[in-house]
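I wished to look up the empty spaces inside this protein and the surroundings of its ligand. My entries are set down below in the order in which I made them.

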Amino acid sequence: MVERDVDKTIEALLEERRIFKPPEDFADQANVNDASVYESASDDPDAWWASQAERLDWFEKWDTVLEWTAPHHKWFLGGKLNAAHNCVDRHAASVPDRVAYHWIGEPEGEARTITYRDLFEEVCKLANVLVDLGVRKGDRVAIYMPMIPELPAAMLACARIGAAHSVVFGGFSAESLSDRINDAECKVLITADGGYRRGQVVELKKAADEALQKTPSIEKVLMVRRTMDDVNIVEGRDVIYNDVVPQASAEHGAEPMDSEDMLYVLYTSGTTGKPKGIVHTTGGYLTGVSSTHRAIFDIKPETDVYWCAADIGWVTGHSYIVYGPLANGCTSVLYEGAPDWPDKDRWWSIIEEHRVSILYCAPTAIRTFMKWGTDYPEKHDLSSLRLLGTVGEPINPEAWVWYQEFIGGGRAPVVDTWWQTETGAIAITPLPGITTLKPGSATKPYPGVVADVVDEKGNSVGRGGGGYLVLRRPFPSMLRTIFGDDERYRETYFARFGDEVYFPGDGCKLDEDGYFWLLGRVDDVMNIAGHRISTYEVESALVDHKSVAEAAVVGRQDPREGETIAAFVTPKSGVEGDDGFAKELREHVSGVIGKIARPHSIIFTDDLPKTRSGKIMRRLLRDVAEERELGDVTTLLNAPILEEIKAKAARGASKEE
Ligand code: WTA
């Protein structure tokens, strides 16, 4: 094994400001290697997107590609298709023995191989069971499950009968689950007794039972036995998946859906209020995810083994574990658990065993692997990897270069992909057979995506400038609205620059070569380990505690560590702000939202910096959290409190190990 000094290597690479041209052998074989694709897509975006929609199987072809009545847009009108038919039936017919998922449970030795034929059968049976449980076209079904094969099957069974699914991440609390169920008025919940995470059982059914105390719309619960633990079963409401699905008929014809029929709703954090239900429809979404998945990950369905190591509870999993890969007839790895169970080389052992050729993950994972050291990947043969991807947050160049070098063996291109729950599919990204890569830049808009960087007034800043990222033209996979609240759709995305200009909420720099450098959110949405949480949600959870008088929350950015949650809390009088109370608050926030929203650091203070009109100045608290010189304090009512907070921060906040 070659001895390498990691720090020196990285330093040298960064100093060189290296750019990475597509390796010739990669470009030669790439699905997309002719740069004229950009030009033809920008000359006639509708024709380009139509050519991508042609790759799907339509029961009836569309007559109108795009109807754009800003800020609304509809795609492939008149067209009829079914997402499950596209993801499963056509491959079950042509390549039934191809593996759809190599499923790997967290407990070692637990694995299942699911071919397209197997998946087809499971989805049809489950579709019949859902119909028996009373689910009809147009209904909503909530899904709260671990990463087991029944999860994609459940999503596809909903799609098959024309019901929209609402997947709620298994790490969310009972309260988060009931809020989401109620917002979409789901009729059925599909869940499991539990799942495994870092050697522990995550008790999903227990949380679900608690959530269901407050969800009048739920009529039935379908529960997979995964851990086989004893759980509470409610007579007349709960049905055991393992009892009914295997017995059900495997005959089921996929429901022809209008292109614009809702495929799913997925909740994501906004700046204020409860999480909003992002609505995706059938034809446009499937076109976007299948097109980007094929071009960006250079998928060769016959030979590649692809692994997107996200959780299906987030949009990355919806688009790039379920719909994109299956629409392309691809073989994927589906892994249930944590990267450090039983040891810190679990991912690398999976890649070696299954000869994974494409890996897609978040920068936060890469930074963690960097901390753990190169010994873990070096224990394994990773030579099967030919392409790497990242998503979810800006990647610092050190992490990019480390990923390329120590995981990709210096040969695999790294595609840094920018997108959102709202865009449904990747929007700014390299095409690995064409694009010259610059570590830290998501490079260029995908063909058919018209992105720009503008100033406060909405004027393009041009090359070399910085400002706000905007999208100037809708593309097929973009959200249609916010479930039940179209006004909020308009306000959130179009109030700033007008009905024709979508504002994603990200800051961005455009370099001299026209490369996009995403700088993170410009609103009160934090990006914690690639997950969106708003400061507002965490503040609401904190003040919901009986001993908290007031709280302010900011995201603390650190280029090497990523973003963490910093909370400033004023306890009610007589309550001691000590480590014990900090621990209690963290648990409280976990209970209200989920573990991912736990504040990393908590500083107790008698007061918070406020303007004369009583507004908390979060900007200044961010300066404190990030140990910067304080910005303008002249508008403060109570400037001295800041010095006190700063002194407390310097002595050390109560931090989570
Ligand atoms: C951030 C995840 C920089 C961004 C797919 C966006 C990124 C938010 C990148 C969406 C990237 C995502 N570089 N920032 N490559 N990818 N983001 O909805 O701030 O969970 O607005 O979707 O993540 O998060 P969401």
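The entries that follow treat the cavities and then the ligand.

**Entry 1: the model.** I noted before anything else that this is a predicted model.

**Entry 2: counting cavities.** I recalled that rolling a probe the size of a water molecule over the atoms shows where empty space is left. I then asked how many cavities of 30 Å³ or more the structure holds. I found 3 of them.

**Entry 3: the largest cavity.** I looked up the volume of the largest cavity and wrote down about 80 Å³. Its lining consists of 15 residues. Nearest the centre of this cavity I recorded P71, P474, F494, E500 and Y502. I next asked which elements give two or more residues to this lining. They are the strand β22, residues 466–473, and the helix α17, residues 486–494. The most comes from β22, which gives 3 residues. Sorting the lining of the largest cavity by class, I entered 10 nonpolar, 4 charged and 1 polar residue.

**Entry 4: the second largest cavity.** For the second largest cavity I noted a space of about 40 Å³. Its lining is made up of F172, R180, Y267, T268, S269, W314, R532, I533, E537 and I593. Two strands, β14 (262–268) and β26 (531–534), are the elements that give two or more residues to the lining of this cavity. By class, I counted 5 nonpolar, 3 charged and 2 polar residues in the lining of the second largest cavity.

**Entry 5: the shell around the ligand.** I turned to the ligand and found 17 residues around it. Which of them come nearest? I listed D416, T417, T421, D506 and R521. At least two residues of the shell are supplied by each of α12 (315–327), β20 (414–417) and β24 (516–521). The shell divides into 6 nonpolar, 6 polar and 5 charged residues.

**Entry 6: polar contacts of the ligand.** I looked up individual atom pairs. An oxygen atom of the ligand lies 2.8 Å from an N or O atom in the side chain of R532, a residue that I had already entered in the lining of the second largest cavity. The side chain of Q420 has an N or O atom 3.1 Å from an oxygen atom of the ligand. At G392 the partner is a polar backbone atom, which is 3.1 Å from a nitrogen atom of the ligand.

**Entry 7: buried or exposed?** Lastly, I asked how much of the ligand the protein buries. Taken alone, the ligand exposes 530 Å², and the protein buries 97% of that area.

Key
Residues are numbered from 1 along each chain as its sequence is written. This is a predicted model: local features need pLDDT of at least 70, side-chain atom pairs count only at pLDDT 80 or more; totals for chains, interfaces and linings use all residues. Side-chain values use heavy atoms; hydrogens and water are left out. On a 1 Å grid over the protein atoms alone, a cavity is a set of points where a 1.4 Å probe fits but cannot get out, and a pocket is an open set with protein on both sides within 12 Å along at least five of seven lines; lining residues have an atom within 4 Å of a point. Grid points are joined across faces, edges and corners, and a volume is the space filled by probe spheres set on the points. Helices (H or I, at least four residues) and strands (E, at least two) are DSSP runs, numbered from the N terminus. Ala, Val, Leu, Ile, Met, Phe, Trp, Tyr, Cys and Pro count as nonpolar, Asp, Glu, Lys and Arg as charged, and the others, Gly among them, as polar. A residue is near a molecule or strand if one of its heavy atoms lies within 4 Å of it. A polar contact is a pair of N or O atoms within 3.5 Å; within protein, one must be able to donate a hydrogen and the other to accept it, and residues adjacent in sequence count only if both atoms are side-chain atoms. Accessible areas come from the Shrake-Rupley method with a 1.4 Å probe; for residues, only the protein chains shown count as cover.
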